[in-house]
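Please open the model in your viewer and keep the selection panel at hand, since this tour proceeds by selections.

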Amino acid sequence: MEMPKSIKLFEQLFLGSAALGVIQSALMFNNMDLSGDAAYGVAGFQVLILLIVVTIVLLTSRKKSVICKWISAVFFVFGLVGFIPNLAIFVEQGIAGLISAAQLLMQAYAIYLLFNSDSKAWFASKKPAVSP
């Protein structure tokens, strides 16, 4: 079965959101007043999280992983719970706040796309492994 448009768009939106996250991190990094090992630690942690997110997205879209689909959905809900109380702070941050809002909207639509009818058929079409 060929990858449906909704899965392709899910992948593009989520990876685009991750790219915006890199831009946002670069903008916010100067405001953090970190130096030396602390700066490297924060940057390393952000890179690790980025790699985990990209891996989960690709496993969801390319390997039809239902587990990763649900991990993406649960992580989105956790992110939403953390975003809402800090909304006023994000508004004060200017462009970085706008990027955060754009990321949230992109991810919300991407998660929605994982649960529509052609996506359900895509995940259901996963062929079971054949024993030799």
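Begin on the outside of this predicted model by selecting Ile23, Leu27, Ile95 and Leu98, which make a nonpolar surface patch of about 390 Å². Helix 1 and helix 5 are the elements that give two or more residues to this nonpolar patch. Now keep leucine 27 alone, a residue of helix 1, which is partly exposed, with a relative accessible area of 37%.

Next, turn to the charged side chains, where a search of the whole structure finds 2 salt bridges. For one of them, select glutamate 11 and arginine 62, whose side chains meet at 2.6 Å, N to O. This pair links distant parts of the chain, with glutamate 11 in helix 1 and arginine 62 in helix 2, 51 residues apart. Is each partner buried or exposed? Glutamate 11 counts as buried because its relative accessibility is 9%, under the 20% cut-off, whereas arginine 62 is exposed at 52%.

For the other salt bridge, select lysine 8 and glutamate 2, with an N to O distance of 3.9 Å. Here lysine 8 is partly exposed, with a relative accessible area of 35%, while glutamate 2 is exposed, at 64%.

Finally, display the largest pocket, which has a volume of about 1200 Å³, and centre the view on Gly21, Gln24, Ile49, Gln103 and Gln107, the residues that lie nearest its centre among the 33 that line it. Helix 1 (5–29), helix 2 (37–62), helix 3 (66–83) and helix 5 (95–114) each supply at least two lining residues, and the largest share, 11 residues, comes from helix 2. Colouring the lining by class shows 21 nonpolar, 12 polar and no charged residues.

Terms used. Residues numbered from 1 in each chain as written. Predicted model: local features only at pLDDT ≥ 70, side-chain atom pairs only at ≥ 80, totals over all residues. Heavy atoms only, no water. 1 Å grid on protein atoms, 1.4 Å probe; cavity = no way out; pocket = protein on both sides within 12 Å on 5 of 7 lines; lining within 4 Å. Points joined across faces, edges and corners; volume = space filled by probe spheres on them. Helix = DSSP H or I, 4+ residues; strand = E, 2+ residues; numbered from the N terminus. Nonpolar A, V, L, I, M, F, W, Y, C, P; charged D, E, K, R; others polar. Patch = residues over 30% accessible without salt bridge, like charges linked within 9 Å, V, L, I, M, F, W, Y side chains within 5 Å. Areas by Shrake-Rupley, 256 points an atom, 1.4 Å probe, with all protein chains shown as cover. Salt bridge = Lys/Arg side-chain N within 4 Å of Asp/Glu carboxyl O. Buried < 20%, exposed > 50% of the residue type's maximum accessible area, 1.4 Å probe, protein only.
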